[in-house]
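Colleague: I am new to this structure and would love a close look at one part of it. Could you walk me through a single sheet, strand by strand?

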Amino acid sequence: MLKAAVALTAAAAAAFAPLTPLTAALAQEADEPVLEPLAIRLGQSDAFARLEFAGVVGARARVRREGSTVVVRLGTTAAPDLSRLRLDPPPAIEEVQTRLVRGGTEILMTLKPGADVRTGSADGVVWLNLYAPGQAPAPAAGEASVAASAVVRAQVYGDRLDIGFGFGNPVPAAIFRRGEAVWVVFDAPGRLEVPRDLDLGPATDLRWAAGPDYVVVRIAAPAALPVSARDEGSGWVVSIGGLPTGRGGVAVAREDDSGPTELVAQMPGATRAIWLTDPLVGDRFAVIPARGPAKGLDASRRTRELTLPDTAQGLAIETAVDDLTLQVEGDLVRIGRPGGLVLSPPSAQRSRISAG
């Protein structure tokens, strides 16, 4: 029996509207050489506001969305000049803030209810198109930032269930178990097409939900059944049950040489942190999806403040503290707290290894 829930409001980009003089001036600026490391440009068309980051630092900016907040990470600790953005913000923006993070600065732009954003990079700049509430365009075919609907297929092989999620393009994912359920998180907006007669074999239920820019699947399955995953280029296959298969590829170590003690996970293809709430347990946890090929944590790690469960793909972090910090820097995931994590001293770990 299948129970599927929740759909997604589609979002994508359309053709640009005619330029107003302000945006035309912005385009003229783009043709001029950028001498400073970071240049921030703001223009306005009839349909949206255009925000650009240029220069050596600006061209490497990373953009992500956390609910109604758009976060732009810059690889510099120097305070960016946001005076124009703050004094005369685009109609889509409610508030603009900055915060220092390890190795850089983040610009946090809170969107007004109903506002939307599209982002990309071209010609040496990272750009954001900011749409006022209700002004976002209809989806456009082939928009790279929006995942195509994923067709869900299932095949039962004895005591093993293989569930395939066929997207039209590669999608980062996190896949792991929490008690009596297997969680699958796709780091892309989209929706699932689930047949009503899907045979789940040893699993008992499948539910999915769409966030603003991610998709979550929860599959109820006995805790004794192992979980594995494989990347198929434009989709993923999750196996539940059968013989346990090898996993690994994510390495976790402590780091306290250059500041507060933290854990650092090395995970090629890591994307960002997504915070979720378990509807049955009621607790909040985070996942770090990663691009294929499949890689996971081969054994769980536990400290006083957090647990890293073993995963078939990506990384998951369970914690009861409310000030845990998660930073994705390329292939590194930094896990910490403002005052540092409470970890056993390295000497204690070496003693345990010697005694064993």
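Modeller: Let's start with one pair of residues: A39 has A54 as its bridge partner in β2. Strands here are DSSP runs of E with at least two residues, numbered from the N terminus, while helices are runs of H or I with at least four. This is a predicted model, in which local features need pLDDT of at least 70 and side-chain atom pairs count only at pLDDT 80 or more, while totals for chains, interfaces and linings use all residues. Residues are numbered from 1 along each chain as its sequence is written, and side-chain values use heavy atoms, leaving out hydrogens and water.

Now widen the view from that pair. Between β1 and β2 there are 6 bridges, and the pairing is antiparallel; two strands count as paired if DSSP finds at least two bridges between them. The connection from β1 to β2 is a hairpin of 4 residues.

On to the next neighbour. Strand β2 (residues 49-54) is also joined to strand β8 (residues 125-131), by 5 bridges, and these two run antiparallel. If you would like a place to look, find F53, whose bridge partner in β8 is V126.

With both neighbours in view, the whole sheet can be traced. It is an open sheet of 4 strands, in the order β1-β2-β8-β7, with antiparallel pairing. At its edges lie β1 (39-44) and β7 (116-122), each of which pairs on one side only. On average, neighbouring strands of this sheet are turned by 15° against each other, direction ignored; for such angles, axes are lines fitted to C-alpha atoms, for helices over the stretch in contact, and the angles run from 0 to 180 degrees between N-to-C directions.

Finally, come back to β2 and look at its side chains. A49, L51 and F53 point one way from the strand, R50, E52 and A54 point the other way, and all are buried. Buried means under 20% relative accessible area, with exposed being over 50% and partly exposed in between, using a 1.4 Å probe and protein chains only. Counted along the strand, 6 of the 6 residues of β2 are buried, so by that definition β2 is mostly covered. To put the picture together: β2 pairs with β1 over 6 bridges and with β8 over 5, and its residues are buried whichever way they point.
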